[in-house]
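Subject: The structure I promised you

Hi,

Here is the structure we talked about, so you can turn it around on your own screen while you read. My notes on what turned up come straight after.

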Amino acid sequence: ICPRPRRSGVSTCCSVSEVDVEAARARLAALKAEAKALEREIKAAAGHARSPLAVPFPELPVVGGVRFAAGAAGVRYRGRDDVMLAVLDPGTAVAATLATSATRAEPVRWCERLREAPAPAGPQAILVNSGNANAFTGAAGLEAVEALAAACSRATGAEAVWLASTGVIGEPLPHEKVEAALGALVSGLSAARAGDAARAIMTTDTFPKGAGEVLELGGARVAVAGFAKGSGMIAPDMATMLAFVFTDAPVAREVLQAMLRRLADRSFNCVTVDGDASTSDTLLLAATGGAGGAPIAAEDEPRLPALEAALGRVMEDLAQQVARDGEGATKLLTVRVTGAVSDASARRVAKAIAESPLVKTAAAGEDPNWGRVVMAIGKAGEPAERDRLTIRFGDVLV
């Protein structure tokens, strides 16, 4: 390869073989790949800047009938836990609310099938990985969920294995890495490790999210505890998030599923950050029956309202924590609508306000521009008497 003559008029000539060029190119590609890997490690080690709206992780009550574990499989991250396992005692009822996206991930489709299948009498398990969503991965995605379910069943004795994955879309899940971590996960199972499980499912989250409550139900102590992850692609139906809620109350599966649908509509399906819906949303509610007593098997059962209220408080808390951790968020807004012609109408008006980019920018810039709220109400397409509208920011009538 001979360069052009220098301005001095003196030319230089050198010779590099084609083999050396190809070797140099290969070395450069390897160095670039190594640099990217190191960059990911640095980000994982340093973590993301903690949200200014972050809340401390609470001390969750122990829920009888469920044990947790967390471990490092190296799916995408290094030096941190990225897999969580929960094992549920025999007799546990599990309800699910799942992503409705046309491009939903294979684990979501797997959970859809479990939700429709007869409830197993034996133990069940929940296996979750972070770093890879196993979404839009074709036949490789189905192979991964089948392999993971089979491996987890062998390791835990579970008759049903609920799966969830969160992270990058479009890359095949290296399921063999998760399978290799199962032995250590099973050895580390404990009723007190819900916090570790919550941290293992984080991706771009800046803080782990948990909530819990203890109540008396029919003379028995009942615990409710849950954790969630979510930060981006947050919009109703559902937010891009994973959430797992557990109670040791005895509840029949059909009643539990109906209750979960109601609670999801009042909590996670009311969250919006960026308006994008995810491929991987999974909300599981497990009732182990560990607190004892006869199952709540009907909607008019006297114990149901108190349990539903407690579960609702926990799920609303988790949903708000997801909103607090919206990528780059510095404000948390709660929209309350009164005087609407119906609950459904109020919900549509609230959603129009909450999803308005102009309302969001006004809040971010700390500009009390109530005209943007008026605009959002008008575009909702719901009945509104414009001359009777009242708008408040907090307690201030504007």
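Let's start with a quick one: does Asn-134 count as buried or exposed? Asn-134 counts as buried, because its relative accessibility is 1%, under the 20% cut-off. You'll find Asn-134 in the loop between β4 and α3. Its backbone is worth a look too: Asn-134 has a positive phi of about 50°, although it is not a glycine. Most residues other than glycine have a negative phi.

Glu-366 also has a positive phi, near 55°, and is a residue other than glycine. Glu-366 sits in the loop between α9 (357-364) and α10 (370-379). Unlike Asn-134, which is buried, Glu-366 is exposed, because its relative accessible area is 62%, and exposed means over 50%.

Before you go further, please keep in mind that this is a predicted model.

**The overall picture**

The chain has 398 residues, and buried residues make up 46% of them. Its secondary structure comes to ten helices and eleven strands. Among the contacts with a separation of 6 or more, 79% are between residues 24 or more positions apart.

**The cores**

In soluble globular proteins, nonpolar side chains tend to be buried together. Here, the largest nonpolar core has 57 residues. Those with the most contacts inside this core are Met-84, Ile-126, Leu-127, Trp-162, Phe-227, Phe-244 and Phe-246. A second, separate core has 36 residues, including Ala-243, Ala-252, Leu-304 and Leu-307.

Try clicking on Leu-127. Leaving out residues up to four places away in sequence, Leu-127 touches Val-83, Met-84, Leu-85, Leu-148, Cys-152, Val-161, Trp-162, Leu-163, Ala-164, Val-178, Leu-182 and Leu-185.

**The cavity**

How many cavities of 30 Å³ or more does the structure hold? It holds one, with about 50 Å³ of space in it. The lining is made up of Pro-107, Leu-127, Val-128, Asn-129, Val-145, Leu-148, Leu-163, Ala-164, Ser-165 and Val-178. The elements that give two or more residues to this lining are β4 (124-132), α3 (138-156) and β5 (160-168). By type, the lining residues divide into eight nonpolar, two polar and no charged. So Leu-127 turns up again: it is among the lining residues as well as among those with the most contacts inside the largest core.

Pro-107, also in the lining, brings us to helix α2 (residues 106-116). The buried residues of α2 are Glu-106, Pro-107, Val-108, Trp-110, Cys-111 and Leu-114. They pack against β3 (93-98), α3, β5, α6 and β9.

**Three residues to zoom in on**

*Thr-288.* This residue is in the loop between β9 and α7 (304-324). Thr-288 is buried, with a relative accessible area of 7%. What does its side chain reach at 2.5 Å? That is the backbone oxygen of Gly-64. The side chain of Thr-288 also reaches the backbone nitrogen of Gly-290, at 3.1 Å. Leaving aside neighbours within four places in sequence, Thr-288 is in contact with Gly-64, Gly-65, Val-66, Gly-91, Thr-92, Thr-247, Asp-248 and Ala-249.

*Ser-267.* Look for this one in the loop between α6 (253-266) and β9 (282-287). Ser-267 counts as buried, because its relative accessibility is 4%. A polar atom of the Ser-267 side chain lies 2.6 Å from the backbone oxygen of Leu-263. Setting aside neighbours within four places in sequence, Ser-267 is in contact with Met-315, Glu-316 and Ala-319.

*Gly-71.* This glycine is in strand β1 (residues 66-71). At 13% relative accessibility, Gly-71 counts as buried. Gly-71 and Asp-81 are ten residues apart along the chain, and their C-alpha atoms are separated by 4.7 Å. Not counting residues up to four places away in sequence, Gly-71 touches Asp-81, Asp-82, Val-83 and Leu-185. Two of those names may look familiar: Val-83 and Leu-185 are also among the residues that Leu-127 touches.

Have fun exploring!

Cheers

Technical notes: Residues are numbered from 1 along each chain as its sequence is written. This is a predicted model: local features need pLDDT of at least 70, side-chain atom pairs count only at pLDDT 80 or more; totals for chains, interfaces and linings use all residues. Side-chain values use heavy atoms; hydrogens and water are left out. On a 1 Å grid over the protein atoms alone, a cavity is a set of points where a 1.4 Å probe fits but cannot get out, and a pocket is an open set with protein on both sides within 12 Å along at least five of seven lines; lining residues have an atom within 4 Å of a point. Grid points are joined across faces, edges and corners, and a volume is the space filled by probe spheres set on the points. Helices (H or I, at least four residues) and strands (E, at least two) are DSSP runs, numbered from the N terminus. Ala, Val, Leu, Ile, Met, Phe, Trp, Tyr, Cys and Pro count as nonpolar, Asp, Glu, Lys and Arg as charged, and the others, Gly among them, as polar. Buried means under 20% relative accessible area, exposed over 50%, partly exposed in between (1.4 Å probe, protein chains only). A polar contact is a pair of N or O atoms within 3.5 Å; within protein, one must be able to donate a hydrogen and the other to accept it, and residues adjacent in sequence count only if both atoms are side-chain atoms. Contact means heavy atoms within 4.5 Å. A nonpolar core is a set of buried Ala, Val, Leu, Ile, Met, Phe, Trp, Tyr and Cys residues joined through side-chain atoms within 4.5 Å.
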